[in-house]
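This briefing describes how the strands, helices and domains of one predicted model are arranged. The sequence and structure come next, followed by notes grouped by topic.

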Amino acid sequence: VYSVQEALNAADKLGYPVMARAAFSLGGLGSGFANTSEELKSLAAQALAHSSQLIIDKSLKGWKEVEYEVVRDAFDNCITVCNMENVDPLGIHTGESIVVAPSQTLSNKEYNMLRTTAINVIRHFGVVGECNIQYALNPYSEEYYIIEVNARLSRSSALASKATGYPLAYVAAKLALGVPLPEIKNSVTGVTTACFEPSLDYCVVKIPRWDLHKFSRVSTKIGSS
């Protein structure tokens, strides 16, 4: 939508609560949740200051947030390198969440359902290289939404590389040059090729750190941005 009134109309169609987010912004800039039309008016006005376009979504606050790191080469070889789960529910930005790799609360069916979807998505978009896909998963059912697809290396990719020992940046650079996955040697193990999915012999936790004493008058509340 492109105005506060259009945002209100969209929210009436979706039903409150809703999430508003400025389009073409990184790090969830200008985003937040609105339970009433008054809250949305204020939020929409702030978000439209960052961008000319505003995205209104159904609120999925409280759902599980799960991520997968996937790589694909130009010959359609595709593997999942790592999956991660946010300890904090949807509504807290991934950058400010405690993240565990691999996921700890997914059933085998949920894990494979999201893994299959991740591979289908990267193939559908024709991504060659590394791709990060984020899901919202209903904790009481198998209902899920794709909330973000980053066809590039991201902050999560760095965590995935450290957790698994799979050099994502190195592999992504080789894939961009058209080298197939089976021909790329894993520079960490020195034995396997990049076409092998890393074994689940790790458990890594990322805990965010805030240097709040360095910034005066900064908000100490965490949220969607």
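Strand β1 (residues 18-22) runs antiparallel to β2 and is joined to β2 by three bridges, where strands (E, at least two residues) and helices (H or I, at least four residues) are DSSP runs numbered from the N terminus, and two strands count as paired if DSSP finds at least two bridges between them. This is a predicted model, in which local features need pLDDT of at least 70 and side-chain atom pairs count only at pLDDT 80 or more, while totals for chains, interfaces and linings use all residues. Residues are numbered from 1 along each chain as its sequence is written, and side-chain values use heavy atoms, with hydrogens and water left out.

**The three-stranded sheet and its helices**

- Within the pairing of β1 with β2, V18 stands opposite A34 in β2.
- The open sheet to which these strands belong has three strands in the order β2-β1-β3, paired in the antiparallel sense.
- Because β2 (32-34) and β3 (54-58) stand at the edges with a single partner strand each, one side of each is left without a neighbour in the sheet.
- Neighbouring strands of this sheet are turned by 30° against each other on average, direction ignored; axes here are lines fitted to C-alpha atoms, for helices over the stretch in contact, and angles run from 0 to 180 degrees between N-to-C directions.
- Helix α1 (residues 4-14) lies across β1 and β3 and runs at about 15° to β3, contact meaning heavy atoms within 4.5 Å.
- Helix α2 (residues 37-48) lies across β1, β2 and β3, and its course makes about 150° with β2.

**The six-stranded sheet and its helices**

- A further open sheet is formed by six strands in the order β8-β7-β4-β5-β6-β9, with antiparallel pairing.
- Its edges are β8 (144-150) and β9 (204-206), each with a single partner strand, so one side of each is left without a neighbour in the sheet.
- On average, and with direction ignored, neighbouring strands of this sheet are turned by 25° against each other.
- Strand β7 (residues 129-137) pairs with β8 in the antiparallel sense over six bridges, and a hairpin of six residues joins β7 to β8.
- Among the bridge partners in β8, Y144 is that of L137 and Y145 is that of A136.
- Helix α4 (residues 155-164) packs on the sheet, touching β4 (64-72), β5 (78-86), β6 (99-101), β7 and β9, and its direction makes about 105° with that of β5.
- Helix α5 (residues 168-176) lies across β4, β5 and β7, running at about 45° to β4.

**The two domains and their interface**

- The domain assignment of the chain gives domain 1 (4-58) and domain 2 (64-206), with bounds that come from an automatic or database domain assignment.
- The centres of domain 1 and domain 2, taken over C-alpha atoms, are separated by 29 Å.
- Six residues of domain 1 are in contact with five residues of domain 2.
- About 310 Å² is buried between domain 1 and domain 2, of which carbon and sulfur atoms give 50%; buried area is the accessible area (1.4 Å probe) that two parts lose on being put together, summed over both.
- Across this interface of domain 1 and domain 2 the rule finds one salt bridge, defined as a side-chain nitrogen of Lys or Arg within 4 Å of a carboxyl oxygen of Asp or Glu.
- The side chains of R21 and E148 meet in a salt bridge (3.9 Å, N to O).
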